[in-house]
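User: Please take a close look at one part of this model for me: the ligand site and what surrounds it. Keep it brisk, and follow the chain outward from there.

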Amino acid sequence: MQTYTIKPENEHHEGHRGYHGTAIVHSIESCGTVDGPGLRFVLFLQGCLMRCLYCHNRDTWDMHTDKAQELTVEQVMKQVLSYRHYLKATGGGVTATGGEPLLQYEFLRDWFTACREHDIHTCLDTNGYALHYDEILDDLLDHTNLVMLDLKQIDPEIHKVLVGIPNTKTLNFARYLAERNQPTRVRYVIVPGYTDDERSANLLGEFIGGMENVETVELLPYHELGAHKWELCGDEYKLKGVHPPPKETVLKIKEILEGYGKNIIL
Ligand code: SF4
């Protein structure tokens with residue numbers, strides 16, 4: 001297995017934190033319904049290197065904040081196991097999200113390994129910004145039942161405007177998942193003016209069309225629900241006035257992606 005390390009493009013932000021057996025956690029949702037199959041125990045991890053204009057978790061960007069809590073795998077598992085029967089009865093499990101959970105991939109590896117020892121389904125909700133391709137990442141993916149990969153925009157220039165950084169790392173990660181034949185659900189946010197056009201949908205279809213590991217594509221219409229968090233963080237929300245896409249747009253994108261042989265979840 002080739003081992004290599006990629007430097008972050010946006011050097012002004014920190015990459016991985018040093019691992020001391022704990023995770024920096026933003027919050028926990030014990031019975032989530034939108035982050036993977038069935039009921040999910042959802043762990044929101046701090047830290048993200050992307051800067052999506054529509055980010056609905058603006059308060060997770062900084063790794064170090066007074067409001068975050070530091071938890072060990074044992075502390076998290078104690079909670080997970082108390083919900084285990086509910087999660088299993090619904091075909092659910094645990095989901096790591098954020099922020100960007102891969103920034104704390106050592107913890108994820110340890111947490112997902114513990115979950116799999118208890119036969120609990122694991123789901124990694126990621127933007128694909130993997131900094132290190134090494135044994136830890138492979139071990140994590142070996143213990144991941146489903147990757148939910150955000151592909152925000154295939155066009156590199158629009159991606160930079162929408163997300164603040166290039167999409168190279170995310171696309172490389174998608175290719176890596178395909179090479180591993182890792183079960184993957186792609187998530188695509190339909191943002192009016194940025195990702196809602198037919199060309200963007202076709203670019204996505206062309207990119208994932210031949211990836212047999214991509215079982216489904218989940219279409220997520222843009223919403224403004226996270227805007228207030230930007231204001232609380234003292235930032236201007238630049239998509240003010242952008243409204244959710246009309247149903248016809250969502251259906252058109254669905255139709256285009258179905259043309260590339262993908263199952264669509266709305
Ligand atoms: S990747 Fe997710 S958490 Fe990071 S900025 Fe984008 S929407 Fe927010």
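Analyst: Start with a loop. Gly99 is in the loop that runs between strand 5 (93-98) and helix 2 (105-117). The model is a predicted one. The peptide bond leading from Gly98 into Gly99 is cis, with omega near 20°. Most peptide bonds are trans. Gly99 is also one of the residues around the ligand.

Now the rest of that shell. Alongside Gly99, the ligand is surrounded by Cys48, Met50, Cys52, Cys55, Trp61, Asn127 and Lys152. By type, the shell splits into five nonpolar residues, two polar and one charged. Lysine counts as charged, and Lys152 is in the shell. The ligand takes up the space of the largest pocket.

Trp61 deserves a longer look. Trp61 belongs to the ligand shell, and it also has a ring partner. Seven aromatic pairs are counted in the model. In one of them, the ring centres of Trp61 and Trp230 are 5.3 Å apart and the planes meet at 80°, so this pair is edge-to-face; the cut-off for that label is over 60 degrees. Where do the two partners lie? Trp61 is in the loop between strand 3 (40-45) and strand 4 (69-72), while Trp230 is in helix 7 (residues 227-232), so the contact ties together parts 169 residues apart in sequence. Both tryptophans, Trp61 and Trp230, are buried.

Trp61 has a charged neighbour too. The charged end of Arg51 sits over the Trp61 ring, 4.4 Å from the ring centre. So Trp61 combines three roles in this picture, because its ring pairs with that of Trp230 in an edge-to-face arrangement, it is one of the residues around the ligand, and Arg51 places its charged end over it.

Other rings group as well. Phe41, Tyr83, Phe107, Trp111 and Phe112 are linked into a cluster by ring pairs.

Next, Cys52, another residue around the ligand. The C-alpha atoms of Cys52 and Gly164 are 6.6 Å apart in space, with their positions 112 residues apart in sequence. Gly164 sits in the loop between helix 4 (156-163) and helix 5 (168-180). Its relative accessibility is 48%, so Gly164 counts as partly exposed.

Helix 5 comes next. Thr170 lies in this helix. Thr170 is buried, because its relative accessible area is 4%, and the cut-off is under 20%. Thr170 and His243 are 73 residues apart in sequence, with their C-alpha atoms 27 Å apart in space.

After helix 5, the chain reaches a loop before strand 9 (184-190), and Asn181 lies there. Asn181 has a positive phi of about 55°, although it is not a glycine. Most residues other than glycine have a negative phi. Asn181 counts as exposed, because its relative accessibility is 52%.

A second residue has the sign of phi that Asn181 shows. Asp119 is not a glycine either, and its phi is positive, near 60°. Asp119 lies in the loop between helix 2 and strand 6 (121-126). With a relative accessible area of 48%, Asp119 is partly exposed.

One last loop. Gly261 is found between helix 8 (247-258) and strand 11 (263-265). Gly261 counts as exposed, at 64% relative accessibility. Its C-alpha is 9.5 Å from that of Thr216, and the two residues are 45 apart along the chain.

Note on methods:
Residues numbered from 1 in each chain as written. Predicted model: local features only at pLDDT ≥ 70, side-chain atom pairs only at ≥ 80, totals over all residues. Heavy atoms only, no water. Near = heavy atom within 4 Å. 1 Å grid on protein atoms, 1.4 Å probe; cavity = no way out; pocket = protein on both sides within 12 Å on 5 of 7 lines; lining within 4 Å. Sits in = over half its atoms within 2 Å of the grid points. Phe/Tyr/Trp six-rings, centres within 6.5 Å; stacked < 30°, edge-to-face > 60°. Helix = DSSP H or I, 4+ residues; strand = E, 2+ residues; numbered from the N terminus. Buried < 20%, exposed > 50% of the residue type's maximum accessible area, 1.4 Å probe, protein only. Lys NZ or Arg CZ within 6 Å of the ring centre and 35° of its normal.
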